[in-house]
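Let's take a walk through this model together, one region at a time. Keep the viewer open and follow along.

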Amino acid sequence: MKIIFFAKSGNQRFGNFKEVCLLITFFLVGMFTTNAQKYDTHKPWAYWWWMGSAVDEAGIRKNLQDYAQAGFGGVHIIPIYGVKGNDANNIDFLSPKWNQMLAFTVKEAKNLGLGIDMTMGTGWPFGGKQVSEKDAAKTFEVISENGKTSVKVLPTKQKVKRAAPGGEGFVLDHFSKEALDHYMKPFQTLFQSSEYGVRALYNDSYEVYGANWTDNFLEEFQKRRGYDLTPYLNVLAKTETKDLLEKRIFGDYNATIADLCREAFTKTWADGVKKMGKISRNEAHGSPGNMLDLYALSDVPETEYFGTKYFDIPYFRRDPKFEEARYGVPDPLVIKFASSAANTENKKFVGSETATWLADHFKVSLSQVKPIIDESLTSGINHIFYHGVPYSPPQEAYPGWLFYASTNFNQQSHFWNELHFLNEYIARCQASLQESKAQNDVLLYFPIHDIWHHAGGKDHVHLLSVHANAQELLFNNSFGQVAKLLQSKGFNFDYVSDLQLTQLKYVNGKLQSHGGLTYKTIVIPKTQYLPTETLKALQALQKQGAPILFVDQLPANTAGFKNWESNEAFLANFNKNLKATEISVLPNALAKLGITSEEMASKGISFIKKQNAKGTLYFISNFSQQFQEGKVLLGAKGEAVEIYDPLHQTKQYIPFSTKGAYTEIKLALLAGESRFIQFFDKKPAQAIAQNTTAQPTHKVEINGTWKVDFLEGQPFLPKSYQTTSIGSWTSVGDSTNQYFTGTAKYSIDFDWKSVKENVIYLNLGNVRESAKVTLNGQNLGTLWSLPFQVAIPAKLLKEKNHLEIEVKNLSANRMRYIDKQSHNWKKFKDINIVDIQYKALEPSTWEAEPSGLLGPVQILY
């Protein structure tokens, strides 16, 4: 920054010293005041449920202060159902008092440097008391009378799910612009005032069930598809398509539904949010439209990391009650729909509703959260939203107010005092990821019309969510096969829709997306139905020299009914001089186009490749034990290479060698660890390369007599004990140990013989759940993520040593006791409180969760 001060008069460049000091003071005060008013998008944000909207100023202030201190960047208000017996304190949504609470929240948050986002409604999806039956979601029934076929329009009668007081009512007709315009009016009125300065308005995942019609659907169909649907209404009465005519009719029906979902709802909403001076966050999944097109319309495309999965990381555990068959497995290829839309449109942020149902209540550890954060970041997410932090009055007895389907990140969480470590880690990662752009080579076409040309069962439409049923629709086909192949071979790619494909340009030998990012090729998976507009766009790009690869077969049919015979003739001519590429040789075909792949993928390392002002940037995470240390080829070049550990905040320049289009480096990366690898286009002056530290090859277990002292916790403080075999404190002593939630200190004296190695580690093995480590009086830090390993500073180890490890556990054991005494804490309306299988939550029936230092505790060198 360069600052030049001028005197009040004359041509002198500087005024007197006093004036200069005064100007500097004003400048610095103004700078810091401005920064204090800005929200921090590098830090994680969180869903903030207002239960019954029963908030008050003191509670809001205290909650926001806590969130700011814990390292949150902002919170997202979602009013939902209330607490039993607390009706007198509920505040109706958008009432004058509710608006007053919102204004107070925005003001307090601004003073703390926090941002505020808000759902544009209560619960989900959009709807409420302002939605008349005319504006409500609709379905249709085909009626045949006296030889005539017509449509009977019926209300679905779906009500807002988990509605807050004042937000109850019908779900909105998401295919009617007029209905949405009516719905938005109260918000347009509210946000005319600057005191309601929320950053973003939000649309939750599309959970509109049975809706498949709108009042002017037939008119919209004719306008968009070019023919009258009335003679073919009998086709829509079917739940399965058998012949090509029926498939084409259903293809056009679904394409029209998608058009209305995109234009009448999503675009109208996003444009309206912009006019209100806010940014839009949209979860497009679950809708009957093309997710890529819907995500692309919002300022922040937002996906959802729902549930849990197994990671091959030592001591990582997955909740055994999670129903994979019911929910599916969180998949980076699903996340890619949101990140692809952000990339092709060159948007800065990609959001994610994160840690929804990660494990059962009171059983989630930070060591379970970090791998899903890392997988989200390597999949393109750079704006994490925890799911979430229920508003709970400061005076409320433990466990406070709870939301039914979340990982609890609020003050009542057992990891609250350690949460800032995770938040700081995320902030460091997102700071780099937000200030860089995607560097992908391949556009993989998403053949949505292959789905749309089939009846969607009794509801007719195809709702593409992030869960098991949608993953079947999305990936049990050639598209899925190609996507998984590209992923496994380490290619960098984005998905592209028909609309986005028609917006591509071929400039200077590169395919340029609507947002300006460039790619090297388009890959078309085996496709049954391709729109003529898409074919014409592909033809034009081919004539300009753009390389396009068709996998396994050329497109079989054109999409839709109108002029299908002439369109088929156009397709035949289009295919005449083309040849398909077998999927088995696709990687070779891409390599011949000069497209590099990343060897890390074959080693089980996940990654994202980006471009920043310095050069090429990788963020990598190791989720398996397949790789620990070795040489790795990276598809990038530079004059210097730096490795940064965002967890321990260490960085160093490393040696490298160039091998053709690749750079070879030596990498050490344990399962559970992550790194940034920065390539510099121009070598920094300080870039002195040092060899990376090798993984240790020797292990020495610390044995002897451990003393275990319970420092603080609930509901009882167990008695101290000694043991020569460390393990869960629940298996020692009387029943009080099995109910204890809190902190216990494990201490031991041990001997050590010096070794030559410069770097020595302490590995704690299995920790339940976090550990503050002190060696010979020196604090080595708090370990909260896998692997539970920390470097021992040089010369700290002596011949005689004293080790202390303070371990905190889950709150599940305390809740076992509370639930056995009384169920009064289960006081929530609507769904009340359920477990991960949506059954009644009964902690009193649980077995005690292992707690403490399970080990083995080892010194590695």
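Before anything else, a word on burial: a residue is called buried here when its relative accessible area is under 20%, exposed when over 50%, and partly exposed in between. Bear in mind, too, that this is a predicted model.

With that cut-off in hand, go to helix α21, which covers residues 812-821. Its buried residues are Ala-812, Asn-813, Arg-814, Met-815, Arg-816 and Asp-819. What sits over them? The cover includes β32 (706-714), α20 (736-739) and β34 (741-751).

Two of those covering elements, β32 and β34, bring us to a sheet. It is an open sheet of six strands with antiparallel pairing, in the order β33-β32-β34-β40-β37-β38. At its edges you'll find β33 (721-723) and β38 (778-783), each of which pairs on one side only. Going from one strand to the next, the twist averages 20 degrees. For a closer look inside this sheet, pick out strand β37 (residues 770-775) and strand β40 (residues 800-808), which are joined in the antiparallel sense by six bridges. One pair to click on is Ala-771 and its bridge partner Val-807 in β40.

There's another sheet to visit, an open one of three strands. Its order is β25-β29-β28, and the pairing is again antiparallel. Here β25 (629-634) and β28 (657-659) are the edge strands; each has a single partner strand, so one side of each is left without a neighbour in the sheet. Neighbouring strands are turned by 35 degrees against each other on average, if you ignore direction. Three bridges hold the antiparallel pairing of β28 with strand β29 (residues 662-668). Among them you can look for Ser-657, whose bridge partner in β29 is Glu-664.

Now jump back along the chain to strand β2, residues 74-80. How many of its seven residues are buried? Seven of the seven are, so to speak of cover on just one face would miss the point. On one side the buried residues are Gly-74, His-76, Ile-78 and Ile-80, and on the other they are Val-75, Ile-77 and Pro-79. Strand β1 (residues 45-51) pairs with β2 in the parallel sense, over seven bridges. Within that pairing, Trp-50 has Pro-79 of β2 as its bridge partner, and Pro-79 is one of the buried residues of β2.

Next come two helices, α2 (residues 57-69) and α3 (residues 96-112). They pack with their axes 10 Å apart, at an angle of about 30 degrees. Angles under 35 degrees count as roughly parallel, and that makes α2 roughly parallel to α3. The crossing of α2 past α3 is right-handed. From α2, the contact is made by Glu-57, Ile-60, Arg-61, Leu-64, Gln-65 and Ala-68; from α3, by Gln-100, Met-101, Phe-104, Thr-105, Glu-108, Ala-109 and Leu-112. Sorted by class, that is seven nonpolar, three polar and three charged residues.

The loops have some details of their own. In the loop between β12 (383-386) and α12 (419-434) you'll find Ser-406. Is Ser-406 buried or exposed? Its relative accessibility is 5%, so it counts as buried. If you leave aside neighbours within four places in sequence, Ser-406 is in contact with Trp-49, Ala-355, Trp-357, His-361, His-387 and Gly-388.

Pro-399 also has its place in the loop between β12 and α12, and the peptide bond joining Tyr-398 to Pro-399 is cis, with omega about 10 degrees. There is a cis bond from Trp-124 to Pro-125 as well, where omega is near -10 degrees. Pro-125 lies in the loop between β3 (115-119) and β4 (127-128). Why flag these? Most residues other than glycine have a negative phi, and most peptide bonds are trans.

The phi part of that matters for the last stop, the loop between α21 and β41 (852-855), where Asp-830 is placed. Phi of Asp-830 is near 65 degrees, a positive value in a residue other than glycine. Its relative accessible area is 47%, so Asp-830 is partly exposed. Tyr-838 is in the loop between α21 and β41 too, with a positive phi of about 60 degrees although it is not a glycine. At 30% relative accessibility, Tyr-838 likewise counts as partly exposed.

How values were computed. Residues are numbered from 1 along each chain as its sequence is written. This is a predicted model: local features need pLDDT of at least 70, side-chain atom pairs count only at pLDDT 80 or more; totals for chains, interfaces and linings use all residues. Side-chain values use heavy atoms; hydrogens and water are left out. Two strands pair if DSSP finds at least two bridges between them. Helices (H or I, at least four residues) and strands (E, at least two) are DSSP runs, numbered from the N terminus. Axes are lines fitted to C-alpha atoms, for helices over the stretch in contact, and angles run from 0 to 180 degrees between N-to-C directions. Angles under 35 degrees count as roughly parallel, over 145 as roughly antiparallel, 65 to 115 as roughly perpendicular and the rest as oblique. A crossing is left-handed if the near helix is turned anticlockwise from the far one by less than a right angle, and right-handed if clockwise. Contact means heavy atoms within 4.5 Å. Ala, Val, Leu, Ile, Met, Phe, Trp, Tyr, Cys and Pro count as nonpolar, Asp, Glu, Lys and Arg as charged, and the others, Gly among them, as polar. Buried means under 20% relative accessible area, exposed over 50%, partly exposed in between (1.4 Å probe, protein chains only).
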